[in-house]
Amino acid sequence: MRTRKWMSLAAMAGLSLYLVLGSATPAQAMHIAEGFLPVQWAAFWWAISLPFFAFGLRSLTRITRQNPELKLLLALAGAFTFVLSALKLPSVTGSCSHPTGTGLGAILFGPAVMTVLGGLVLLFQAVLLAHGGLTTLGANLFSMAIVGPFVAYGIYHLVLRTGNQKAAIFLASAFANLLTYVTTSIQLALAFPAATGGVWAAFLKFAGIFALTQIPLAISEGLLTVLVWNWLQTYNRTELETLNLMKT
């Protein structure tokens, strides 16, 4: 038992070290940078994202009222997202590749709650770390805190039907990461269509460049999320049982 504990800790440390060392820290912002999107597109993504955020607030309020003992686990999900999404690799001008960390919270509490937690993470990073921006917060919220969590939640429950929870967690986290960047590529392509080939050509360009760094990051994030889940099963078993997430 002690050997397994230390092996798990070593694996988590190794993956975390890979993500840190593999994430450069250039001056440019992560996510889509402040002022990078044209005004009409920035406003468009704000308008789409706000209803999801409002719905998420209702879900978050309901959970904390019904199960106040889950507040620490909520904080953990938010911190996990903050730390992972603060690691960045320069990828496309005006944006960066990085882990997202939204899959864990989406599995634990559902995608609506992660819209709020992810939105708060993005807000703090924009204001305190100059990562992302306020004008582009709606676009970043939609890609990382709406599309990512909903994809994670859907894939988790789909794969869970096979009876393999660890595979469901891995795939949910990895695909939440990848689909976040597919969405970001679409957002950039819509705002900056190519002179030849239009939106589709621009999307292929952005997505192709992102893929170079994002695919290995997504795999690493999936593995790290599974390791964190193993620790939650050991040290937060009561909370997982409350959420009906303990699978035998």
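## Exercises on a predicted model

N244 has a relative accessibility of 59% and therefore counts as exposed. The structure is a predicted model, and the exercises below concern two residues and two helix pairs.

**Exercise 1.** Determine where N244 lies and what sign its phi has.

*Solution.* Begin with the position: N244 belongs to the segment that follows α9 (237–242). Next, consider the backbone: the phi of N244 is positive, about 60°, although N244 is not a glycine. For comparison, most residues other than glycine have a negative phi. Finally, consider the surroundings: exposed means over 50% relative accessible area, so N244, at 59%, is classed as exposed.

**Exercise 2.** Establish whether T100 is buried or exposed, and list its contacts beyond four places in sequence.

*Solution.* First, locate the residue: T100 sits in the loop between β2 (95–97) and α4 (102–109). Second, apply the cut-off: buried means under 20% relative accessible area. The relative accessibility of T100 is 0%, so T100 counts as buried. Third, list the partners: with neighbours within four places in sequence left aside, T100 contacts T81, L84, S85, M144, N177, T180, Y181 and E221.

**Exercise 3.** Describe how helices α2 and α6 pack, and which residues meet.

*Solution.* Start with the geometry: α2 (residues 39–66) and α6 (residues 137–160) pack at an angle of about 45°, and their axes are 8 Å apart. Then classify the angle: roughly parallel requires an angle under 35 degrees, and roughly perpendicular requires 65 to 115. The two helices, α2 and α6, are therefore oblique to each other. The handedness of their crossing is left-handed. Now identify the residues: from α2, W45, W46, I48, S49, F52 and F53 meet L137, G138, A139, L141, F142, I146 and F150 of α6. Sorted by character, the residues of this contact of α2 with α6 comprise eleven nonpolar, two polar and no charged.

**Exercise 4.** Carry out the corresponding analysis for helices α3 and α5.

*Solution.* The geometry comes first: α3 (residues 71–85) packs with α5 (residues 111–128) at an angle of about 45°, with the axes 10 Å apart. It follows that α3 and α5 are oblique to each other. The crossing of α3 with α5 is right-handed. On the α3 side, the contact is made by L74, A77, G78, T81, F82 and S85, and on the α5 side by V113, M114, L117, V121, F124 and Q125. The residues of the contact of α3 with α5 comprise eight nonpolar, four polar and no charged. As a link to Exercise 2, T81 and S85 are among the partners of T100.

Notes
Residues are numbered from 1 along each chain as its sequence is written. This is a predicted model: local features need pLDDT of at least 70, side-chain atom pairs count only at pLDDT 80 or more; totals for chains, interfaces and linings use all residues. Side-chain values use heavy atoms; hydrogens and water are left out. Axes are lines fitted to C-alpha atoms, for helices over the stretch in contact, and angles run from 0 to 180 degrees between N-to-C directions. Helices (H or I, at least four residues) and strands (E, at least two) are DSSP runs, numbered from the N terminus. Angles under 35 degrees count as roughly parallel, over 145 as roughly antiparallel, 65 to 115 as roughly perpendicular and the rest as oblique. A crossing is left-handed if the near helix is turned anticlockwise from the far one by less than a right angle, and right-handed if clockwise. Contact means heavy atoms within 4.5 Å. Ala, Val, Leu, Ile, Met, Phe, Trp, Tyr, Cys and Pro count as nonpolar, Asp, Glu, Lys and Arg as charged, and the others, Gly among them, as polar. Buried means under 20% relative accessible area, exposed over 50%, partly exposed in between (1.4 Å probe, protein chains only).
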